[in-house]
Amino acid sequence: MAAVLHIVIAGGGIGGLSAALALAQAGHRVTVCEATAQLRPLGVGINLLPHAVAVLDGLGLLPALRGMGVETSALVFANRHGQPIFEDRRGVSAGYSHPQLSVHRGQLQMLLWDEAVRRLGSEQVRSGARVTGCAQEEGKEGQDGQEGGAIAHIACADGTTEALRCDVLIGADGIHSALRRQFYPDEGAPRWNGMMMWRGTTLARPFLDGRTMVQAGHRRAKFVVYPIAPPAADGTQLINWIADRRLREDGFGGGLTAPDRADWSRPGSVADLLPTFGHWRFAWLDVPGVIRDATQILEWPMVDRDPLPRWRHGRVTLLGDAAHPMYPIGSNGATQAILDARGLADALSAHPTNPVAALDAYEAQRLPMTARIVALNRQEGLDAILDMVEERAPDGFARIDDVMDPAVLARCVQEYKAAAGHSQTAPPQSP
Ligand SMILES: Cc1cc2nc3c(=O)[nH]c(=O)nc-3n(C[C@H](O)[C@H](O)[C@H](O)COP(=O)(O)OP(=O)(O)OC[C@H]3O[C@@H](n4cnc5c(N)ncnc54)[C@H](O)[C@@H]3O)c2cc1C
């Protein structure tokens with residue numbers, strides 16, 4: 001018979017909350033400990049690939065997600081003149097079982113939080129509870145071939161501390177994970193690739209079909225733009241954009257010291273962007289206009305960490321950005337965290353009497369795949385297409401076929417998607 005485990009999750013971000021819902025659905029008793037005392041809908045846009053949307057659908061969240069976001073119809077690569085290079089269709093009509101969804105990250109987190117409170121009970125979804133470290137439970141190690149439980153050390157917002165015993169502890173506490181630091185104390189700061197990202201949201205008229213995501217430019221300057229909410233009554237739409245500028249050359253693979261601690265709440269400025277993007281006026285989008293009209297701009301260095309040799313230490317494992325922080329390329333940050341959540345819950349169901357074997361099975365499934373994506377993203381992932389075109393036709397082109405063989409472009413896209421675990425169940429339908 002399946003054992004009901006008490007599972008503590010450090011971190012109430014998208015990964016931790018998805019895991020909480022998946023584990024509760026499997027019948028486990030789950031406690032979420034989130035460091036933030038008062039959760040607010042922070043961040044800007046985030047993309048969920050179809051295989052992550054399928055996981056959230058399995059948790060009963062698809063109707064709510066559809067209501068808050070945009071079903072992405074296509075990902076278009078363009079040069080810095082706005083000329084389309086390649087269109088990769090997305091969503092159900094492209095042969096996926098589920099849509100790709102572009103949503104506001106903060107709204108997604110609040111949806112998951114509210115659902116966790118509803119399903120787990122408010123006392124099990126704790127804010128103002130920072131996990132500072134852990135211990136393996138003493139005295140039980142070695143019994144029936146398994147290690148004992150884990151103890152989460154918690155610093156509460158009211159100044160008290162607590163030691164919470166559990167059967168499994170999951171570190172879903174983000175890129176600055178305290179649990180990861182405990183296991184790898186010499187790892188140091190995240191690695192920077194010299195790229196700074198300014199992320200903003202702007203209310204604007206819809207562009208193209210109102211559902212397309214575009215990546216335009218090249219490795220030194222890139223503008224990514226996609227809508228994240230249905231059009232409002234006045235015809236405007238909330239548009240998410242990311243303006244990337246390379247401030248330093250790292251070669252490839254990161255390793256520079258980031259200018260500041262990676263902090264999602266640091267405000268950015270229009271003045272940093274207009275010298276680079278001020279003349280990027282496309283037939284279908286006025287980029288400087290979108291930047292100037294921003295309702296908020298956040299600044300963030302593009303950082304990641306080297307893949308780890310292992311995630312499990314006794315009854316403790318890692319998940320999401322704590323396990324595999326990666327450059328935000330290819331819409332994989334939240335997607336891979338959600339896939340971790342599913343993988344962990346499935347592994348615990350497949351090994352109902354042996355949590356340690358379950359954590360090993362989860363790690364065997366998820367660590368190699370996410371390490372591959374970290375490596376691919378260090379080589380710029382799909383954005384490598386943009387560099388090839390910029391190199392060959394810096395002033396634009398009359399026909400993209402004169403610059404790049406469309407079959408080569410299609411192959412690059414398919415290879416990346418296969419490595420990132422996309423699964424198209426049917427060939428794309430004709431538009
Ligand atoms: C405030 C914020 C804003 C973001 N905005 C964007 C965005 O606009 N676009 C985008 O693509 N990505 C954004 N991200 C990153 C994105 O959410 C993640 O890359 C991805 O969703 C994986 O999620 P995660 O749950 O693994 O990590 P995170 O989303 O980083 O969540 C980690 C959670 O753990 C909490 N935490 C940290 N340390 C501890 C601790 N010691 N104990 C307990 N809790 C702890 C954090 O407060 C956070 O809620 C943001 C992350 C954060 C934290």
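This note comments on helix packing, an aromatic cluster and several individual residues in a predicted model.

1. Helix 1 against helix 8. Helix 1 (residues 14-25) packs on helix 8 with the two axes 8 Å apart and an angle of about 25° between them. The two helices are therefore roughly parallel to each other, the limit for that description being an angle under 35 degrees. Their crossing is right-handed. On the helix 1 side the contact involves I14, G15, S18, A19, A22, L23 and Q25, and these meet A334, A337, I338, A341, R342, L344, A345 and L348 of helix 8. By class, this contact comprises eleven nonpolar residues, three polar residues and one charged residue. Several of the positions named recur at intervals that may be read against helix geometry: an α-helix has 3.6 residues a turn, so residues three or four places apart point the same way.

2. Helix 2 against helix 8. Helix 8 (residues 333-350) also meets helix 2 (residues 50-58); here the axes come within 9 Å and cross at roughly 45°. That angle makes helix 2 oblique to helix 8. The crossing of this pair is left-handed. Helix 2 contributes H51, A52, V55 and L56 to the contact, while helix 8 contributes T335, I338, L339 and R342. The classes represented are five nonpolar, two polar and one charged. I338 and R342 of helix 8 appear in the contact with helix 2 and also in the contact with helix 1.

3. The residue S331, ahead of helix 8. S331 is located in the loop between strand 18 (316-318) and helix 8. Its phi is near 60°, a positive value in a residue other than glycine. With a relative accessible area of 16%, S331 is buried. A reviewer may wish to inspect the backbone here alongside that of L208, taken up in point 6.

4. Surroundings of helix 10. Within helix 10 (residues 384-392), the buried residues are I385, L386, D387, V389 and E390. Two of the names in that list, D387 and E390, are acidic residues that are nonetheless buried. The packing partners of this buried set are strand 5 (74-78), strand 6 (84-89), strand 14 (212-218), strand 15 (221-227) and helix 11 (406-419).

5. The aromatic cluster. The model contains seven aromatic pairs. In one of them, the rings of F277 and W280 have centres 4.8 Å apart and planes at 70°, so the pair is edge-to-face. F277 and W280 are both buried. In another, F282 and W284 have ring centres 5.1 Å apart and planes at 45°, so this pair is tilted. F282 counts as buried, at 8% relative accessibility. Ring pairs join F207, F223, W241, F277, W280, F282 and W284 into a cluster.

6. The residues L208 and S73. L208 sits in the loop between strand 13 (191-204) and strand 14. The phi of L208 is near 45°, which is positive although the residue is not glycine. S73 occupies the loop between strand 4 (70-72) and strand 5, and its relative accessible area of 13% places S73 among buried residues. Apart from neighbours within four places in sequence, S73 is in contact with R89, R90, D209, R211 and T212.

7. The residue C166. C166 belongs to strand 11 (residues 161-166). It is buried, with a relative accessible area of 0%. Setting aside neighbours within four places in sequence, the contacts of C166 are H6, V8, G149 and A150. The C-alpha atom of C166 is separated by 9.5 Å from that of G148, a residue 18 places away along the chain.

8. The residue P267. P267 is found in the loop between strand 16 (237-246) and helix 6 (274-277). In contrast to C166, which is buried, P267 counts as exposed, at 62% relative accessibility. P267 nevertheless touches I297, L298 and E299, not counting residues up to four places away in sequence. From P267 to I297 the C-alpha distance is 5.8 Å, across a separation of 30 residues in sequence.

Conventions. Residues numbered from 1 in each chain as written. Predicted model: local features only at pLDDT ≥ 70, side-chain atom pairs only at ≥ 80, totals over all residues. Heavy atoms only, no water. Phe/Tyr/Trp six-rings, centres within 6.5 Å; stacked < 30°, edge-to-face > 60°. Buried < 20%, exposed > 50% of the residue type's maximum accessible area, 1.4 Å probe, protein only. Helix = DSSP H or I, 4+ residues; strand = E, 2+ residues; numbered from the N terminus. Contact = heavy atoms within 4.5 Å. Axes fitted to C-alpha atoms, helices over the stretch in contact; angles between N-to-C directions. Parallel < 35°, antiparallel > 145°, perpendicular 65-115°, else oblique. Left-handed = near helix turned anticlockwise from the far one by under 90°. Nonpolar A, V, L, I, M, F, W, Y, C, P; charged D, E, K, R; others polar.
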